[in-house]
Amino acid sequence: MANKLIHLLLFIFCIFNINVYAETPVNSWRISDLARSSVEKIKLRNGQDRILKIVSAKQMVYLYAVMSRVVEATEINAEVIIVDGQLANAFVFTTEEGQSFIGINFAMLDILDTNLDMAAALIGHELAHIKLKHGEISKKNIALIQGKDFSAANTRYSRDNERDADYLGVIWAVEAGYNPDGAVALQEALYKVFKRTNISGFNVSHPSTIERLTILKSLARRLKR
Ligand SMILES: [Zn+2]
């Protein structure tokens with residue numbers, strides 16, 4: 001079931017501004033396979049047959065259902081895969097054939113648990129990056145700002161992209177029938193995790209996390225009217 005991921009990667013977006021610490025996933029499993037499991041506790045193994053994580057079939061079925069509904073709202077050809085990784089992260093990439101994959105790593109899986117609204121917000125957010133063509137824009141930006149202060153400019157571009165993806169992602173989640181508070185709950189849960197693990201780079205992204213939360217809370221309030 002596990003397959004090599006690296007050669008498939010064209011574009012990757014992280015949901016948080018902690019790219020310095022982002023791990024490169026090695027193994028991946030399709031949620032469409034996992035949701036069909038006949039056992040309740042599914043053992044995810046690497047190529048050497050070592051068990052990397054045990055996930056519940058119930059969680060996989062829930063995620064598959066959320067994925068199907070949100071993907072339908074976005075009209076993007078996409079599928080969710082589970083990848084290894086101890087630092088909560090999610091990303092999206094598109095193959096040359098036009099198939100998009102949303103990667104959710106082990107640590108993010110633990111945060112989502114069986115919260116459907118949080119999963120819908122996460123999947124919506126990642127797909128919004130595709131719809132808003134952030135991959136192409138960031139490639140252009142990199143070309144434009146060569147020779148200038150790359151890291152500062154890049155941080156600002158990625159923060160703008162994250163804000164836009166949050167916005168469209170929540171709207172899609174609501175369209176798919178989920179509660180917009182899921183996006184708020186997801187940001188709050190991640191905020192707690194990153195604060196607890198005391199990642200030194202977290203202070204850099206701290207103000208934008210607070211800002212994202214504020215924007216998401218007011219958007220959720222408006223969408224529930
Ligand atoms: Zn993002």
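Reader: Leaving aside the neighbours within four places in sequence, which residues is leucine 132 in contact with?

Author: In this predicted model, a contact is a matter of C-beta atoms lying within 7 Å. By that reading leucine 132 is in contact with Asp164, Ala165 and Leu168, once its neighbours within four places in sequence are set aside. One of these partners can also be placed by its C-alpha atom, since leucine 132 and alanine 165 are 33 residues apart along the chain and their C-alpha atoms are separated by 7.7 Å.

Reader: Where does leucine 132 lie, and is leucine 132 buried or exposed?

Author: Leucine 132 belongs to the loop between α4 and α5, the latter covering 134–144. For burial one counts other C-beta atoms within 10 Å, with 20 or more for buried and 12 or fewer for exposed. Leucine 132 has 15 such atoms within 10 Å and is therefore partly exposed. A little further on, lysine 133, which follows α4, has a positive phi, near 55°.

Reader: How many residues of α4 are buried, and what does helix α4 reach from its first C-alpha to its last?

Author: Of the 16 residues of α4, 14 are buried, so that the helix is mostly covered. Helix α4, residues 116–131, reaches 22 Å from its first C-alpha to its last, which is close to the 22 Å expected at 1.5 Å a residue.

Reader: At what angle do the axes of α4 and helix α7 cross, and which residues make the contact?

Author: The axes of α4 and helix α7, the latter formed by residues 181–197, come within 7 Å and cross at roughly 85°. Angles from 65 to 115 degrees count as roughly perpendicular, and α4 and α7 are therefore roughly perpendicular to each other. On the side of α4 the contact is made by Asp117, Met118, Ala120, Ala121 and Leu122, and on the side of α7 by Asp181, Gly182, Ala183, Ala185 and Leu186. Sorted by character, the residues of this contact of α4 with α7 comprise 7 nonpolar, 1 polar and 2 charged.

Reader: Which residues of α2 are buried, and what should its 18 residues span?

Author: One may begin with the length, because at 1.5 Å a residue the 18 residues of helix α2, residues 57–74, should span 26 Å, and the end C-alpha atoms are 26 Å apart, in agreement. The buried residues of α2 are Gln59, Met60, Leu63, Val66, Met67, Val70, Val71 and Thr74. Viewed down the axis of α2, these buried residues fall within an arc of 130°, so they line one face of the helix. Lys58 and Glu72, on the other side of α2, are exposed.

Reader: What follows α2, and where is the place of asparagine 77?

Author: Glutamate 75 follows α2, and its phi is positive, near 60°. Asparagine 77 has its place in the loop between α2 and β5, the strand at 78–83. With 12 other C-beta atoms within 10 Å, asparagine 77 is exposed. Asparagine 77 nevertheless has partners beyond its neighbours within four places in sequence, being in contact with Gly98, Gln99 and Ser100. Asparagine 77 and phenylalanine 101 are 24 residues apart in sequence and 8.6 Å apart in space, C-alpha to C-alpha.

Reader: Which value is phi of aspartate 49 near, and which is phi of aspartate 113 near?

Author: Here one looks at the sign of phi and at the residue type together. Phi of aspartate 49 is near 70°, a positive value in a residue other than glycine, and phi of aspartate 113, again a residue other than glycine, is positive and near 50°. Aspartate 49 is found in the loop between β3 (41–45) and β4 (51–56), and is exposed, with 8 other C-beta atoms within 10 Å. Aspartate 113 lies in the loop between α3 (106–112) and α4, and counts as exposed with 12 C-beta neighbours inside 10 Å.

Reader: Is serine 28 buried or exposed?

Author: Serine 28, in strand β2 (residues 27–30), is buried, with 20 other C-beta atoms within 10 Å. Its C-alpha atom and that of asparagine 46, 18 residues apart along the chain, are separated by 8.9 Å.

Reader: How many helices and strands does the chain have?

Author: The chain has 8 helices and 7 strands, and 37% of its 225 residues count as buried. Among contacts between residues at least 6 apart in sequence, 71% join residues at least 24 apart.

Definitions and conventions: Residues numbered from 1 in each chain as written. Predicted model: local features only at pLDDT ≥ 70, side-chain atom pairs only at ≥ 80, totals over all residues. Helix = DSSP H or I, 4+ residues; strand = E, 2+ residues; numbered from the N terminus. Expected span 1.5 Å × (residues − 1). Arc of directions from axis to C-beta. Contact = placed C-beta atoms within 7 Å. Axes fitted to C-alpha atoms, helices over the stretch in contact; angles between N-to-C directions. Parallel < 35°, antiparallel > 145°, perpendicular 65-115°, else oblique. Nonpolar A, V, L, I, M, F, W, Y, C, P; charged D, E, K, R; others polar.
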